[in-house]
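Subject: The structure, and what turned up in it

Hi,

Here is the structure I promised to pass on. Have a look at it first, and then read my notes below.

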Amino acid sequence: MNKVCWPYFDPEFDTLPERIYGPTCRVCIDNESMEDCTVVKVDSVSKQGLLLEMVQVLTDMNLTISKSYISSDAGWFMDVFHVKDEHGNKLTDQKVINYIQQAIGTTGEIPSSAVAKTYTNKAVFGSEYPSEHTAIEMTGTDRPGLFSEISAALADLHCNIVEAHAWSHNDRLACVAYVSDQSTDTPIDDPGRLATIEEYITTVLRATAERSPSETHINPLQVKANGFPCGDCIKTNVERRLHQLMLSVRDFDGQCGPNMSRSTPSSAVGFGDEEGMRRTAVYIESCEEKGYSIVSVDCKDRPRLMFDTVCTLTDMQYVVFHASIGCHGDYAFQEYFIRHIDGYALNTEGEKERVIKCLEAAIERRVCEGVRLELCAANRVGLLSDITRVLRENGLAVVRAHVATKGEKSVNAFYLRDISGNEVDMDFVESMKKEILGPIDLAVKNDSRSTSPSPPDRSPTRFSLGDLLRSQLERLSHNFVPIN
């Protein structure tokens, strides 16, 4: 009998990078270097999607990223985040600091193959959580009152809406709802009933869908909210899914809003209001010497801005190698050095134009100027349907919605606009109290846009990795002496 010899593999080979470089992910929280913010420093083995995962951790905790410097090359990831809490202060709670170190450290150790599976296969969306609710994903052409019709349809189908998130942008709607059976409060997993729900909701969505087809995806996998310190731990996943759903229905090709005008020079796009002030501008330049494309974004600063841009680039299969993020007054500037996942820079004008449009849409779709209505009431089946019906009957359209159940209470936030284009009439608050059964707590915030200066010009005085790289290349070219 012949002896079979197998090649020998050192069992410690897989840990070689850690033994050379140290732990695969090191997180340092610095509260001493800066007076007005906490500095989070991360060193880690690089992998696709790692930057987004780290931004997700910070965003989930409602932290504001005022500055960030990113360098990811030669297989190693180095990043610096300047963060503040939701009140604009340093992070002083040791529990929060410990959680950041643990969450980012764990993120850096997840195998890249697992990350790819989580983000490329929508069927695993939310699957890491215990089985409690059935997820329903909906996309379609938006119209006034559509969210109300969806809520009423689910109530007619004996579905209890435990949580829901909806975005409307450029005449497109994306919605993710978590429902349970009305009578048993258990997940709905019967294939026949799921098919009935899908058919019913699809009929509602397609009522005015001549311009583009509507889609309903029912996801039988389940999700569950987690607690402190990250609050609702599925929130960022839901927001990323909403970005993906909006991208799938091409909201970036829709018409601009009533107060928006659009101009599209070759590789830059800007938004302006009625007074001609630029609000959002995206530029793409080539860095042929290093094989990068440089994406620059100037826009009004707001929470979750970095998440929205990094999320879009990642979902479009681009890798961020270097970046510089900062803000000046009320405006933010971002600069990303990217390549496609296949290793190539953006070569064609068509590809550049698509990236510009998608980044525009990602920035603008979360912006809801107008009235924010916060409502808290005793939870009951059909409550969301009743609330949205009253809003619709008062001539108000829901632009964005976030609905959650906390114990015996239903907590809702709606961003509203008047379907006639007029200012929202605040008298509807009293009418809601009379029409909705049971006591409710209401808070109204007017976020109407106020006149503000145009964003700062792109000038060399602002720190730019692109300007720094170009100056270094010019210096090298001037010092170069040809050999005869």
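Let me start with a helix pair: α5 passes α10 in a left-handed crossing, a label used when the near helix is turned anticlockwise from the far one by less than a right angle (clockwise would be right-handed). Helices here are DSSP runs of H or I with at least four residues, strands are runs of E with at least two, and both are numbered from the N terminus.

Before going further, please keep in mind that this is a predicted model, in which local features need pLDDT of at least 70 and side-chain atom pairs count only at pLDDT 80 or more, while totals for chains, interfaces and linings use all residues. Residues are numbered from 1 along each chain as its sequence is written, and side-chain values use heavy atoms, with hydrogens and water left out.

Back to the pair. Helix α5 covers residues 146-156, and its axis runs 8 Å from that of α10 at an angle of about 150°; axes are lines fitted to C-alpha atoms, for helices over the stretch in contact, and angles run from 0 to 180 degrees between N-to-C directions. The two helices are therefore roughly antiparallel, since that term applies over 145 degrees (under 35 is roughly parallel, 65 to 115 roughly perpendicular, and the rest oblique).

On the α5 side, Phe147, Ser148, Glu149, Ser151, Ala152 and Ala155 make the contacts, and they meet Leu384, Ser385, Thr388, Arg389 and Arg392 of α10. Contact means heavy atoms within 4.5 Å. Ser151 is a good residue to click on: leaving out residues up to four places away in sequence, Ser151 touches Ile161, Leu384, Ser385 and Thr388. Ser151 has a relative accessible area of 3%, so it counts as buried (buried is under 20%, exposed over 50%, partly exposed in between, with a 1.4 Å probe and protein chains only). Other buried residues of α5 include Leu146, Ile150 and Leu154. After α5 comes His158, with a positive phi near 60°.

Helix α10 (residues 383-393) also holds a salt bridge within itself, as Arg389 and Glu393 lie in it four residues apart, about one turn of the helix. Their side chains meet at 3.3 Å, N to O. A salt bridge here is a side-chain nitrogen of Lys or Arg within 4 Å of a carboxyl oxygen of Asp or Glu. Arg389 is partly exposed, at 26% relative accessible area.

How many salt bridges does the whole structure have? The search finds 16. One of them pairs Arg193 with Asp181 at 2.2 Å, N to O. Arg193 sits in helix α6 (residues 191-205) and Asp181 in strand β7, so this pair ties together parts twelve residues apart in sequence. Arg193 is partly exposed at 24%, whereas Asp181 is buried at 10%.

Another salt bridge joins Arg365 and Asp251, with the closest N and O atoms 2.8 Å apart. This pair links distant parts of the chain, 114 residues apart: Arg365 is in the loop between α9 (349-364) and β15 (371-378), and Asp251 is in the loop between α7 and β9. Both Arg365 and Asp251 are buried.

Next, helix α8 (residues 305-315), where eleven of the eleven residues are buried. Among them are Phe307, Asp308, Cys311 and Asp315. Gln317 follows α8 and has a positive phi, near 70°.

Two loop residues are also worth a look for their backbone. Most residues other than glycine have a negative phi. Asp171, in the loop between β6 (159-169) and β7 (172-181), has a positive phi near 65°. Arg250, in the loop between α7 (235-248) and β9 (261-263), has one near 55°. Asp171 is partly exposed at 34%, and Arg250 is partly exposed too, at 41%.

Finally, the overall figures. The chain has twelve helices and 18 strands, and 50% of its 484 residues count as buried. Of the contacts between residues at least 6 apart in sequence, 70% join residues at least 24 apart. The accessible surface is about 24,000 Å², with 52% belonging to carbon and sulfur atoms; areas come from the Shrake-Rupley method with a 1.4 Å probe, and for residues only the protein chains shown count as cover.

Best wishes
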